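Here is a short tour of one protein chain, written with the bench in mind. Take a moment to turn the structure around before reading on.

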Amino acid sequence: MSAEDIWSDIRTLVFDRADPHGAVVTATGISFFKCKVLRRLQTGPLSAGELAKLIGSDPPYISIMLRELESQGYLLRTEDPQDRRRRLVELTDQGREVAQRADRALAAPPASFSTLSADDLAHLRRIVSTLVE
């Protein structure tokens, strides 16, 4: 078995069997991208430009998403106390709750993990940790 074969199996497990995008949409009722925006704001307020850079999206699209999320009550735009020309985006309580639901959905492993023994899980953890480093 080659590295490409194993990588193909990992992709199948993550994207087809676990379907993180679908799990987030089901858990939150909003798009994966909107959840990505909300999740990035959990660490604190950011400008739209900072958020776009962090997510790797273009500013005009982020601006559209922010307007939609604000109209749905998930975030607020406020004046930056250090620079009154700049606006900061921050989560509302409702937005934080949705972001947390998305986090929980992403943290849930595929059901097939429950079939692995403690030894298998330990081996898998060691291998994955090595790959992530």
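The report below goes from the overall fold to the charged pairs and then to two serines.

**The chain as a whole**

Please keep in mind that this is a predicted model. The protein chain contains 7 helices and 3 strands. Followed along the sequence, these elements come in the order α-α-α-β-α-α-β-β-α-α. The radius of gyration is 18 Å, well over the 14 Å that the globule rule gives for 133 residues, so the chain is more spread out than a compact globule. The C-alpha trace spans about 55 × 25 × 25 Å along its principal axes.

Of the 133 residues, 26% count as buried. The accessible surface of the chain comes to about 8,900 Å², and carbon and sulfur atoms supply 55% of that area. If we take the contacts with a separation of 6 or more, residues 24 or more positions apart account for 48% of them.

**Charges and salt bridges**

The chain carries 18 positive and 19 negative side chains. The centres of these two sets lie 6 Å apart. Side chains of opposite charge can pair when their charged atoms come close. How many salt bridges does the count give? The count comes to 6 salt bridges, and the table shows three pairs from the model.

| Pair | Closest N to O distance |
|---|---|
| Arg39 and Asp103 | 2.4 Å |
| Glu50 and Arg86 | 3.5 Å |
| Glu70 and Arg77 | 3.2 Å |

Let us begin with Arg39 and Asp103, which form a salt bridge with their closest N and O atoms 2.4 Å apart. Arg39 belongs to helix 3 (residues 32-40) and Asp103 to helix 6 (residues 93-107), so this pair ties together parts that are 64 residues apart in sequence. Arg39 has a relative accessibility of 24% and counts as partly exposed. Asp103 is partly exposed too, with a relative accessible area of 25%.

The next pair is Glu50 with Arg86, whose side chains meet in a salt bridge at 3.5 Å. This pair also links distant parts of the chain, 36 residues apart. Glu50 sits in helix 4 (residues 48-55), while Arg86 is found in the loop between strand 2 (75-79) and strand 3 (87-91). Glu50 has a relative accessible area of 35%, which makes it partly exposed, and Arg86 is partly exposed at 30%.

In the third pair, the side chains of Glu70 and Arg77 come together at 3.2 Å, N to O. Glu70 is partly exposed at 32% relative accessibility. Arg77, at 23%, is partly exposed as well.

**Two serines to look at**

Is Ser47 buried or exposed? Ser47 is buried, because its relative accessibility of 7% falls under the 20% cut-off. Ser47 lies in strand 1 (residues 46-47). Leaving out residues up to four places away in sequence, Ser47 touches Arg86, Arg87 and Leu88. Arg86 is thus a contact of Ser47 as well as the salt-bridge partner of Glu50.

Where does Ser57 lie? Ser57 is placed in the loop between helix 4 and helix 5 (59-71). Ser57 is also buried, with a relative accessible area of 18%. Which residues does Ser57 contact, apart from its neighbours within four places in sequence? They are Phe33, Ala52 and Ile62.

How values were computed. Residues numbered from 1 in each chain as written. Predicted model: local features only at pLDDT ≥ 70, side-chain atom pairs only at ≥ 80, totals over all residues. Heavy atoms only, no water. Salt bridge = Lys/Arg side-chain N within 4 Å of Asp/Glu carboxyl O. Helix = DSSP H or I, 4+ residues; strand = E, 2+ residues; numbered from the N terminus. Buried < 20%, exposed > 50% of the residue type's maximum accessible area, 1.4 Å probe, protein only. Rg over C-alpha atoms; globule rule 2.2 N^0.38 Å. Contact = heavy atoms within 4.5 Å. Areas by Shrake-Rupley, 256 points an atom, 1.4 Å probe, with all protein chains shown as cover. Lys, Arg positive; Asp, Glu negative; His and termini not counted. Charge placed at Lys NZ, Arg CZ, Asp CG, Glu CD.
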